Every structure is written in structure tokens, then in C-alpha cells.
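Colleague: I am new to this structure and would love some help reading it. Could we go through its features together?

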Amino acid sequence: MTTFRAFRIHNDGSSCHAGIEAMDTDALTPGEVLVKVAYSSVNYKDALAGTGKGRILRQYPLNGGIDVAGHVAASIDPRFKEGDAVLCTGSGLSETRDGGYAEYARLDARWTIPLPATLDLRESMVLGTAGFTAALALLHMLDNGQTPALGPIAVTGASGGVGQLAIDIFSRAGYEVHAISGKADHFAHLESLGAAACIDRHQLAFSGKPMDSARFGGALDNVGGAMLAGLLPLIEPYGNVAICGNAGGIAFDSTVMPFIIRGVNLLGVASAGTARPMRERVWQYLAGDWKPRHLARVATREATLDELPEVFDRMLAGDSFGRTVVRVAA
């Protein structure tokens, strides 16, 4: 039994509160692999959970953090031995089991991934759920016949963590990327990540027609709502639109025309529960041919456990940019 610090989230039925606490390793949720945590990251979902402004946790109390990377401290699974570098994203972390905002985490061996040799622990958390989601979207699109020859890929919400990593990943994979963002002051940064063109979403006029002149070979949409509805009529025949976010709303108005006339595919990207074979495949790409070239630019802040409340508040206020890595180990 080891005592350690954790950012723990409680709910007494009427309110949510969270903060740094001391706890023991034997109090962690069950799992085969005990990890001494080195890094985690901050995703929008983490900010909602840590402030109580979103119903993310399915049980209380739990340690926050849907991403974790560190070294194995102990394992009852023979696939992992003490000292192994490992990572885990999603897979119930900070939903049904204790997450990565703690000096120790106990992981389910089914979802524990050996750290690829070409990534270090910090890089794996710059990627985290955001990078995993972007790469999973591209893999789904490839499996549905997406090729660079179909035309440029539109990335909406391009200034966010998923969007920035998607620009880097898709361009590294050989696609021309057109970044759509409402933050024109960030266009130079997005171009430095690999965007061939930047489009101000405030000046992006959709015709409202069921079908319009094709403009994009496919899209990764982080926004949903009117943005998704507007993009679908602009996709080339047999192109794919992968949807992974709902910043613009959960509902959208569309017609069947892009689907039955052009054969456009709408692909859902749900990263948290991805099966292990696909999870391993994604991380192989992220550590290999799709490894982003500009991780240092995407990681705009490194925070400690004590600084998490401030990070959450800024993120929910729309005042954050790029990826925040959480340094857990001293």
C-alpha cells in the first residue's frame, strides 16, 4: 500500500466538488496493472467532469483524467512487468474507474497499451484521446475508401486539440487539409501544422441546397449542428465525413441526397470504447507513418495537478488553445 496525491471528484447528490486528496493504492478501482503515473492531459471532457458542469462520471468518487501514461509499478498480468512504459486513453477512465490525475492509477490490462518505441511518455499524452480520436477517424475513412485523390479534407473546429492534431496527422498521411476555424488569428499557426488553406467559419456561407458543387474530398467534423449539415452537400462522390464532436450542437438538419446520389458516408468516431485490436492499430500509426511532426507546437501548456482547476475554467470559457499536458511525476 502506497499513499499518494490525486485530483478526486465527489458528488454528494446536490453538488460536485473536486480537489487534491491523499489516498492509498488499495483504494483505487480494481485492475491488473498498477501504474506510477508520469503524465496525463486535459480534454474538454475532463474540464466538464472536474467542474461538475457535465455528467461524465457514472459513479463517485473517482480520480479525474481520461488519459494516463507512466511506468508499471506492479502487475498480475504476465504481459506487463515492473518498469514497462504504458499508456491508456478512454476505456472508462474518469467515468467508471479512477483516471490519470493521480500519482498512481490501476488499469484494466485489456486496455493498457505498451508505449511504442518511437514515442516517449510525454508525447503520448500530447496525443492522448485527442490524437487517438483524429487518427481513429482517419483509419475509419481509409477503411471506407478515402484517398488523397478524392480531394482536400476539411477539418472543422481546427483550432481545438483534436483539430490541430488532425491537421498534422492527415497532412502527414498525404492529404491536403483545409482548416475551418472561427479564430482567424490562429491561421498562421494552423498553416505551420500543415494546413494548406484556412477558412474562417464566420465567412463560410452554405447555400442550404440539398446538393451543391463538391468542394471537399471528405471531412473530420468536431462541431456537428449546422456545420455538419452544411458540409454534407459539399463532399465529393464516395467521400467520407467522420464526426467526433458536437461543439455546435447535437442535432442537424439534412437530406438523404448526399448519401443516395453521391454515396457520401457519415462515419461515427467513438474513441472511448474502441476495441483493443483497433486501438493497437491506431497507436501503431501514431507512432509510425502518422506521427505528427509538430507535437511541441500543439502542446501549448504543461500544468500540474494543483493547476487543474484554473486550466478547466479557462477551457470552459473558451480561453484555451492547443493541448495541455499534465505533469504528474515530480
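**A guided reading**

Modeller: Gladly! Let's begin with charge: the protein has 29 positive and 34 negative charges, and the mean positions of the two sets are 2 Å apart. Please keep in mind that this is a predicted model.

Colleague: How many helices and strands are there in the protein?

Modeller: The protein has nine helices and 16 strands. Its radius of gyration is 20 Å, close to the 20 Å given by the globule rule for 330 residues, so the protein is as compact as a globular protein of that length. Along the principal axes, the C-alpha atoms fill a box of roughly 65 × 45 × 35 Å.

Colleague: What percentage of the 330 residues is buried?

Modeller: The general idea is a cut-off: a residue counts as buried when its relative accessible area is under 20%. Here, buried residues make up 55% of the 330. As for the accessible surface, the total is about 13600 Å², and carbon and sulfur atoms account for 51% of that.

Colleague: And how should I read contacts along the sequence?

Modeller: Take the contacts between residues at least 6 apart in sequence: 71% of them join residues at least 24 apart. Ala-219 makes a good case to look at. This residue sits in strand S12, which covers residues 216-221. Leaving out residues up to four places away in sequence, Ala-219 touches Met-141, Ile-153, Ala-154, Leu-231, Ile-235, Asn-240, Val-241 and Ala-242.

Colleague: Why is Ala-219 classed as buried?

Modeller: Because its relative accessible area is 0%, and buried means under 20%. For a sense of distance, Ala-219 and Arg-293 are 74 residues apart in sequence, and their C-alpha atoms are 21 Å apart in space.

Colleague: Which side chain makes a polar contact with the side chain of Thr-133?

Modeller: That partner is Ser-271, at 3.2 Å. Thr-133 belongs to helix H2, residues 121-143, and is buried, with a relative accessible area of 7%. Beyond its neighbours within four places in sequence, Thr-133 is in contact with Cys-244, Val-269 and Ser-271. So Ser-271 appears both as a contact and as the polar partner of Thr-133.

Colleague: Is there a threonine in a strand that I could set beside it?

Modeller: Try Thr-324, in strand S16, which spans residues 323-327. Thr-324 is buried too, with a relative accessible area of 8%. With residues up to four places away left out, it touches Ser-41, Val-42, Arg-301, Ala-303 and Val-311.

Colleague: Now the backbone. Which two residues does a cis peptide bond join?

Modeller: The angle to read is omega. A cis peptide bond joins Tyr-60 and Pro-61, with omega about -10°. You can find Pro-61 in the loop between helix H1 (44-51) and strand S4 (62-63).

Colleague: What is the phi of Ser-91, and where does this residue lie?

Modeller: Ser-91 is not a glycine, yet its phi is positive, about 55°. It lies in the loop that runs between strand S6 (85-89) and strand S7 (104-107). Its relative accessible area is 13%, so Ser-91 is buried.

Colleague: And Tyr-238: buried or exposed?

Modeller: Tyr-238 is exposed, with a relative accessible area of 57%; the cut-off for exposed is over 50%. Tyr-238 also has a positive phi, near 65°, in a residue other than glycine. Its place is in strand S13, residues 235-243, whereas Ser-91 lies in a loop.

Terms used. Residues numbered from 1 in each chain as written. Predicted model: local features only at pLDDT ≥ 70, side-chain atom pairs only at ≥ 80, totals over all residues. Heavy atoms only, no water. Helix = DSSP H or I, 4+ residues; strand = E, 2+ residues; numbered from the N terminus. Rg over C-alpha atoms; globule rule 2.2 N^0.38 Å. Buried < 20%, exposed > 50% of the residue type's maximum accessible area, 1.4 Å probe, protein only. Contact = heavy atoms within 4.5 Å. Areas by Shrake-Rupley, 256 points an atom, 1.4 Å probe, with all protein chains shown as cover. Lys, Arg positive; Asp, Glu negative; His and termini not counted. Charge placed at Lys NZ, Arg CZ, Asp CG, Glu CD. Polar contact = N/O pair within 3.5 Å; in protein donor to acceptor, adjacent residues only side chain to side chain.
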